[in-house]
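Here is my note on the structure, set out as numbered points. Please keep the sequence and the 3D view open while reading it.

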Amino acid sequence: MTMINAYAPASAGSLPERERALIARREKLLGPAYRLFYADPIHVVRGEGSYLYDADGNRYLDAYNNVASVGHSRPEVVEAMAKQAAVLNTHTRYLTDGILDFAEAFLAEFPPELSHLMLTCTGSEANDLALRVARVHTGGTGVVIAHNAYHGVTSALAEMSPSLGAAVKLGDHVRVVPSPDSYRIPEAEVGAAFARSVEEAIADLREKGIAPAALLVDTIFSSSGVFTDPAGFLAPAVEAMRKAGGIFIADEVQPGFGRLGTDMWGFARHGLVPDIVTVGKPMGNGHPVAGAIFRPEVVEAFGKNQRYFNTFGGNPVSCAAAHAVLRVIKTDRLQENALAVGTEMIDGLRALAAKHDLIGDVRGSGLFIGVEMVRDRTLKTPAPEETARVVNDMRRRRVLISATGQEGHILKIRPPLVFSSDDAKLFLATLDEVLAAL
């Protein structure tokens, strides 16, 4: 399957010799499964704040890489990691203070019902653990996910990630429901429509003799197309799953850590308290630390009957990195920054929509924004080829974004949380130039 915004090897002849040589080394050493971004891949050598720099010293505005949540090479995080690595790094079967200090600070950012934290190295591991716990707690195996979702790369999660393409078979215990598409469904009907789809999926699971275990959704539906509104639309679907005996797993790997501006977590926009929450590497600014947060009653049976051990999930260096990220988010008021700068971005994008017919819809919250590109606003016809041109023309002007949605026709904008008003102005001006050129 062709990945959205992927480098096409057929265009290698247009690249400088140095980059062609690097690509050849990658293919020889790393094998055929890896992919590169952009028609003209970027050879990056360092990052700082909202910017990446290539081998020739050119600066690129990064409006895409949410994993570096508090900015590339954030000094406080680097210092915390180095300081702890110089003293101790080991696993969680020894008593150490760092994991407890971090857990106390981190769990304070959640509703009190969510009071247990288990640490992993990646969001995929966190989602995998969440599924294991859900199956033990509910006795079911069926999972309902959203159209074109992405939840991870383990065998279990790949079976629940249709965005990986048709070559990756979905599990027989998995049901996919249509996205809560507020561009095509009246906002007042989005919640009811999504809940009906979940109820139908549950009924189909039961008809096949499969008991439901969980509704698993990324709370901003980022791979489905970025759907945030109306706030609260997710609640009826969660109620339907709980009524059926399953639980709600909120995948906060992409929308979490204040990115949405209005709240620290995407589930809070819907007035919900999940049964399990999962988070990923934005937790450590890209350092491999992630985790799952549980209601105690949900993880009780699992904990009594099964051991959980992740060799370096929750090691002292990882906890130091995660704690430093949390401190930076709070001290620098980055959630508030996400709301202010994100609002400026969304307002600016809607102004561009008044000038450029290619923009059909602008949606999002804080610094997570989707811009749907269409060939016909009346028919709302997706424009994937034009979207690819926009993404690559932005890259040539040294502004980095990507695309999302099954058709690859939705601009995906989710910069580091330190993105400034000046960064937003540069982004909007560049996108205006690109759209005018089209």
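1. A residue is called buried when its relative accessible area is under 20%, exposed when that area is over 50%, and partly exposed in between, with a 1.4 Å probe and only the protein chains taken into account. The model is predicted, and for that reason local features need pLDDT of at least 70 and side-chain atom pairs count only at pLDDT 80 or more, while totals for chains, interfaces and linings use all residues. Residues are numbered from 1 along each chain as its sequence is written, and side-chain values use heavy atoms, with hydrogens and water left out.

2. Salt bridges come next. The term stands for a side-chain nitrogen of Lys or Arg within 4 Å of a carboxyl oxygen of Asp or Glu. Side chains of opposite charge can pair when their charged atoms come close. A search of the whole structure gives 28 salt bridges.

3. Please look at D275, which takes part in a salt bridge with R242, at 3.1 Å from N to O. This pair links distant parts of the chain, since D275 lies in the loop between β8 and β9 (276-279) and R242 in helix α7, 33 residues apart. Helices (H or I, at least four residues) and strands (E, at least two) are DSSP runs, numbered from the N terminus. D275 has a relative accessible area of 8% and is therefore buried, whereas R242, at 33%, counts as partly exposed.

4. D275 also forms a salt bridge with R295, where the closest N and O atoms are 3.4 Å apart. Here too distant parts of the chain are linked, with R295 in the loop between β10 (290-294) and α8, and D275 20 residues away in the loop between β8 and β9. Are R295 and D275 buried or exposed? Both of these residues are buried.

5. Another salt bridge brings together the side chains of E372 and R363, at 2.8 Å from N to O, and both of these residues are buried. Through salt bridges that share partners, D181, R184, D361, R363 and E372 are joined into one network.

6. Turning to the sheets, one open sheet has 7 strands in the order β4-β10-β9-β8-β7-β5-β6, with mixed pairing; two strands are said to pair if DSSP finds at least two bridges between them. Why is one side of β4 (116-120) and of β6 (174-177) left without a neighbour in the sheet? Both stand at the edges, each with a single partner strand, so there is no neighbour in the sheet on one side of each. From one strand to the next, the twist averages 20°; axes are lines fitted to C-alpha atoms, for helices over the stretch in contact, and angles run from 0 to 180 degrees between N-to-C directions.

7. Within this sheet, strand β5 (residues 142-146) and strand β7 (residues 212-218) run parallel and are joined by 3 bridges, with A214 in β7 as the bridge partner of V143. Helix α7 (residues 235-243) packs on the sheet and touches β5, β7 and β8 (247-251), its direction making about 160° with that of β7; contact here means heavy atoms within 4.5 Å.

8. Strand β8 deserves its own point, because 5 of its 5 residues are buried, so β8 is largely enclosed by the rest of the structure. From β8, the residues I247, I249 and D251 point one way, and F248 and A250 point the other way. There are 5 bridges between β7 and β8, which run parallel, and L215 has F248 as its bridge partner in β8.

9. A further open sheet, also of mixed pairing, has 4 strands in the order β1-β2-β3-β14. Its edge strands are β1 and β14 (399-400), each of which pairs on one side only. Strand β3 (residues 59-62) runs parallel to β14 and is joined to it by 2 bridges, and L61 stands opposite V399 in β14. Helix α12 (residues 421-437) packs on this sheet, touching β2 (51-54), β3 and β14, and its direction makes about 100° with that of β3.

10. Finally, E297 is found in helix α8 (residues 296-305) and is partly exposed, with a relative accessible area of 43%. The C-alpha atoms of E297 and I369 are 35 Å apart in space, and the two residues are 72 apart in sequence.
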